[in-house]
Every structure is written in structure tokens, then in C-alpha cells.
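Thanks for coming, everyone. I'll keep this brisk. Take a look at the model first, then we'll walk through it piece by piece.

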Amino acid sequence: MTIESWDDLRIALAVARSGTVSGAAEALGVHHATVIRRIDGLEAQLGVKLFQRHPRGYALTEAGQAMLKVAGDADERFAQLTAQIAGGGDRIEGELVVTSLPELADVVMPRLIRLMRQHPGLRVNYVTDVRLFRLDAGEAHVAIRAGSQPTEPDYVVRPMGTVRHPIYAAPAYVAAHGEVTGIDGHRMVLMGPQARNAPLMRWLQDRVDPRQIVMTANDESAREAVIRAGLAIGPLSPSRANGLIEVMALPEWESRLWLVTHVDLHRTLKVQAAVAALRDA
């Protein structure tokens, strides 16, 4: 009988070393439900019990001891092979699909450019959309998400920092309407309905009269054009706000960013290199 996935053995090895599901999940950066499901699946596939479950954790059976020796030796050899391959940076190559939200390009692209310079063999497919791409279906290698921390059990999630969304006005708008000290009565250009769950948009929901909104746009460059024309005030990424006046910003408007990979691809050199580059501030 063959084992279908090395990841199943790797997870079993982590449980054996830590003695608990929670310890293995933390070491691997996955949800504890993933660990339990993979262990149960591996035991069913092999037709033997690898662990005895007890209130204090998981203890190896005799079959589990044999698994630990074989899997431990294999893991060490894989680590040696990974180190050898990692020594040749130009071997990190091929297609890399990174998905993100449209307004994060100013944050993401400098980091991807550094990655591409380090590894010329990479072909990066940078896809922006407000929908959530399915990593388990192979739609992407790395996804950048904003908001609450993703909780899908087979996903490995790493923090990537935060992004600010202050509200800006053009000098021409201030000259025409006076100093802007809040949003009351001011003409506004806002994100489209796809961004309704963004912290800023939730905050604005009950505070803006629909008659104040002169335009909505998912495209940040479109919002920037309207703001620079002095037609309205609105949120922008700080990197786009050169020459504009920041008129309002609250800490609760900040969005947390998360790097998300699938457990089956997380340890590949290509994905590891991408995650390291994208986490680098």
C-alpha cells in the first residue's frame, strides 16, 4: 500500500514530536481540524492505528513508532535536499499566481518586483479581484486578503501588516469649500459596493447621506482622479496621495492584511520565496 501524500506523514510526524494536535497545528501553521482529519485519513488508509488518543495528547502505537523512524529519516533527507536546492536561487522558477485586492498594488508590487529580480525564472501572474480565490482548487499559489483572519482549515495564514485608508482632499477642493474637518455635508467619492465590508466603508455606512456621494469606483485610480480634480473628497492609499491633504483618518479604518497559502503548497520553494518577499516590509 502506498501513501498518497507526504503531507499526511509530515503532519503525523509533527503530532508525534509535539504529542498534541494543538502543538502540531501551531508548528505547521494550520488549523487543528486539518491535523485531526489528516491523521484519521492516514490511519484509515494504512489500516492501522498510529496513535493512542488520551486526555493529555497523542501517544505513538507500535506502528506509530515505525512510522516515526521512517518519516523522520525522510524528513531529514527532504530538509537536506531543500537546503541544496535553496542554495541555487535561480531554481525558484515557473509560474507563480498571486491574487490580491485591486487597491493593494502600491503595497504589493514593490515586494513582487524584488522577488522577480532575485529569481528571474519566475513568471508572476498577478490577479486582482474582490472575490476570494480558492486555493484548494488551485486558483492561486498565494492570496493576499484584507480584513479578519481567514479560518479555512487547510490554509496557512501569515500576517502581512496593515493598510491605512485616510480621506483626502485636493487643495482646490479646500479652496472652494473651506477647511475640511469632517465628512458632514461634503461631496464624496467612495469605493464600490464590493468593498462594503472594509472597515472604512462600514464606519461610513450610517454617517454619509447618499446625496453626498458623487461617484463610487472600485478602481482606485478613478477615485484619485476625481479627488485631484477637486470634485470630492474620498479615501486613497497614502502612496497615491502626494500633493493632497489628509483631512481625516481613524485607527479603526485600518485593514489587516493576511498572506494565505494552501497547506499542500506552503512548503514549496516557490511559495516560501513569495511569502518571504511579501512579508518583507
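Let's start with a pair of helices. α2 and α3 pack at about 110 degrees, so they count as roughly perpendicular to each other. Their axes sit 8 Å apart. Helix α2 covers residues 21–28. The crossing of α2 and α3 is right-handed. Which residues make the contact? On the α2 side, Val21, Ala24 and Ala25. On the α3 side, His32, Val35 and Ile36.

A word of caution before I go on. This is a predicted model. The mean pLDDT of the protein chain is 86. Of its residues, 92% reach 70 or more. Confidence varies by element. Strand β7, residues 167–169, has the highest mean pLDDT among the elements, at 97. Helix α4, residues 62–86, has the lowest, at 68. And then there is the stretch over residues 86–90, where the pLDDT is below 50. Beyond near neighbours in sequence, that stretch has 2 contacts in the model. Please keep that in mind when you look at this part of the picture.

Back to the helices. α3 has another partner, and that is α1. Helix α1 runs over residues 6–18, and helix α3 over residues 32–46. These two pack at an angle of about 110 degrees, with axes 9 Å apart. That angle is why α1 and α3 are described as roughly perpendicular to each other. What is the hand of the α1 and α3 crossing? Left-handed. For α2 and α3, remember, the crossing is right-handed.

Now the side of α1 that meets α3. Asp7, Asp8, Leu9, Ile11, Ala12 and Val15 come from α1. Val35, Arg38, Ile39, Leu42 and Gln45 come from α3. Notice Val35. It is on the list for α1, and it is on the list for α2.

One residue to pick out here is Ala14, which lies in helix α1. Buried or exposed? Ala14 has 12% relative accessibility, so it counts as buried; the cut-off for buried is under 20%. Apart from residues up to four places away in sequence, Ala14 touches Ala24 and Leu28. Ala24 also belongs to the contact of α2 with α3. For a sense of scale, take Ala14 and Val174. In sequence they are 160 residues apart. In space, C-alpha to C-alpha, they are 60 Å apart.

Next, the sheets. Strands of a sheet pair through backbone hydrogen bonds, either parallel or antiparallel.

We have an open sheet of 5 strands. What is the strand order? It reads β4-β3-β5-β12-β6, and the pairing is mixed. β4, residues 122–128, and β6, residues 155–163, are the edge strands, each pairing on one side only. From one strand to the next, the twist averages 20 degrees.

Look at β5 in that sheet. Strand β3, residues 94–100, pairs with β5, residues 142–146, in the parallel sense, over 2 bridges. β5 pairs with β12 in the antiparallel sense, over 4 bridges. Some positions to find on screen: Val98 stands opposite Val142 in β5. Thr99 has Ala143 as its bridge partner in β5. Ala143 also stands opposite Val260 in β12. And β5 is mostly covered, with 4 of its 5 residues buried.

Stay with Thr99 for a moment. Its place is in strand β3. With a relative accessible area of 2%, Thr99 is buried. What is Thr99 in contact with, leaving aside neighbours within four places in sequence? Val127, Phe133, Ala140, Val142, Ala143 and Ile144.

There is a helix over this sheet too. Helix α5, residues 105–118, lies across β3, β4, β5, β6 and β12. α5 runs at about 170 degrees to β4.

Last stop, another open sheet. This one has 3 strands, in the order β10-β7-β11, with antiparallel pairing. The edge strands are β10, residues 234–235, and β11, residues 245–248. Each of those pairs on one side only. β7 and β10 pair over 2 bridges. There, Ile167 has Pro235 in β10 as its bridge partner. And β7, as I said, has the highest mean pLDDT among the elements.

That's my tour. Over to you.

Notes. Residues are numbered from 1 along each chain as its sequence is written. This is a predicted model: local features need pLDDT of at least 70, side-chain atom pairs count only at pLDDT 80 or more; totals for chains, interfaces and linings use all residues. Side-chain values use heavy atoms; hydrogens and water are left out. pLDDT is the predictor's confidence in each residue, from 0 to 100. Contact means heavy atoms within 4.5 Å. Two strands pair if DSSP finds at least two bridges between them. Axes are lines fitted to C-alpha atoms, for helices over the stretch in contact, and angles run from 0 to 180 degrees between N-to-C directions. Buried means under 20% relative accessible area, exposed over 50%, partly exposed in between (1.4 Å probe, protein chains only). Angles under 35 degrees count as roughly parallel, over 145 as roughly antiparallel, 65 to 115 as roughly perpendicular and the rest as oblique. A crossing is left-handed if the near helix is turned anticlockwise from the far one by less than a right angle, and right-handed if clockwise.
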